[in-house]
Amino acid sequence: SPDFTVDFFTATMGKKPKAKAQKAEPKDPAPVDAADPWLCPECEQDNPCEEAACIACEAPKPLGAADAKFENFVVALVQSCEAVPGKDKLKKLEVDVGGEVLKIVTNASNVKDGSRVVVAKVGAIIDGEPLKKSVVGGCPSEGMLCDSAMLGWTGGGSGAALLPDSFALGAPPPDTRPRSDGK
């Protein structure tokens, strides 16, 4: 016997409601992303995505298992920092991104020799577009220094996102702004 809801629906809409949908056939599995668990290369233990080390053997999470939003974003060390001639706020940097030295031009006032920063390398997605080599203030630039907002971090001041020395060169940046004491 039909219930009130079906009778009301039929009377007001002039149609019978569709039968409940059958379960859809499973589609191809979704691509793996940073929210997926990761497999430990040492002991083959499945680990939750938020774990930085294996829950079974404590081996570190492989670098390739980093958050996809940080693809082509790396920890770097400023090796040299010079003012760009004729440009008040621009600086030419040479940064070590883990075995490779890039030339980058920035206007970040908080950067100096020895600063550990986050660099978006060529190909990184910035505001929906891949970053390209460019000329800034007449100088070639092979990347961009990132600020806290670009990385989705809260807190911190203006200028480049600075990291403690405990972060390895070439590694992906952390998901959240680290404390200034390196933890």
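What follows is a walk through a predicted model of one protein chain, from its overall make-up to a few residues and a pocket.

Let's start with the whole chain. Its secondary structure comes to 1 helix and 12 strands. Reading from the N terminus, the helix comes up front and the strands follow it, in the order α-β-β-β-β-β-β-β-β-β-β-β-β. The chain has 183 residues, and 28% of them count as buried. As for the surface, about 12,400 Å² is exposed, with carbon and sulfur atoms supplying 53% of that area. If you look at contacts with a sequence separation of 6 or more, 47% of them join residues 24 or more positions apart.

Now zoom in on Val117, which sits in strand S6, residues 116–121. Its relative accessibility is 0%, so Val117 counts as buried, the cut-off being under 20%. What does Val117 touch, once neighbours within four places in sequence are set aside? The list runs to Val74, Val75, Ala76, Val78, Leu145, Ala160, Ala161, Leu162 and Leu163. One of those partners, Val74, is 43 residues away along the chain, yet the two C-alpha atoms are separated by 8.4 Å.

Step back to Ser115 and you are in the loop between S5 and S6. Being in a loop doesn't leave this residue out in the open: Ser115 counts as buried because its relative accessibility is 9%. Beyond its neighbours within four places in sequence, Ser115 is in contact with Ala76, Leu77, Val78, Asn110 and Leu162. Ala76, Val78 and Leu162 also turn up among the contacts of Val117.

On the other side of that loop is strand S5, covering residues 101–106, and Leu102 is found in it. Is Leu102 buried or exposed? Its relative accessibility is 6%, so Leu102 goes down as buried. Ala76 comes up here as well: Leu102 and Ala76 are 26 residues apart in sequence, and their C-alpha atoms are 9.5 Å apart in space. The residues that Leu102 touches, not counting those up to four places away in sequence, are Leu93, Glu94, Val95, Val97, Val119, Lys121 and Glu142.

Next comes Ser141, a residue of strand S10, which spans 139–141. With a relative accessibility of 3%, Ser141 counts as buried. Its side chain has polar company, though. The backbone nitrogen of Val105 lies 3.1 Å from a polar atom of that side chain, and the side chain of Ser141 also reaches the backbone oxygen of Gly143 at 3.1 Å. Apart from residues up to four places away in sequence, Ser141 touches Lys103, Ile104, Val105, Lys133, Ser134 and Val136.

Val105 leads us on to the second largest pocket, where it is one of the residues nearest the centre, along with Thr106, Asn107, Met144 and Leu145. Leu145 is also on the contact list of Val117. This pocket has a volume of about 270 Å³, and 17 residues line it. Which strands each supply at least two residues of that lining? They are S5 (101–106), S9 (134–136) and S11 (143–145). The biggest share comes from S11, which gives 3 residues. Sorted by class, the lining holds 9 nonpolar, 6 polar and 2 charged residues.

How values were computed
Residues are numbered from 1 along each chain as its sequence is written. This is a predicted model: local features need pLDDT of at least 70, side-chain atom pairs count only at pLDDT 80 or more; totals for chains, interfaces and linings use all residues. Side-chain values use heavy atoms; hydrogens and water are left out. Helices (H or I, at least four residues) and strands (E, at least two) are DSSP runs, numbered from the N terminus. Buried means under 20% relative accessible area, exposed over 50%, partly exposed in between (1.4 Å probe, protein chains only). A polar contact is a pair of N or O atoms within 3.5 Å; within protein, one must be able to donate a hydrogen and the other to accept it, and residues adjacent in sequence count only if both atoms are side-chain atoms. Contact means heavy atoms within 4.5 Å. On a 1 Å grid over the protein atoms alone, a cavity is a set of points where a 1.4 Å probe fits but cannot get out, and a pocket is an open set with protein on both sides within 12 Å along at least five of seven lines; lining residues have an atom within 4 Å of a point. Grid points are joined across faces, edges and corners, and a volume is the space filled by probe spheres set on the points. Ala, Val, Leu, Ile, Met, Phe, Trp, Tyr, Cys and Pro count as nonpolar, Asp, Glu, Lys and Arg as charged, and the others, Gly among them, as polar. Accessible areas come from the Shrake-Rupley method with a 1.4 Å probe; for residues, only the protein chains shown count as cover.
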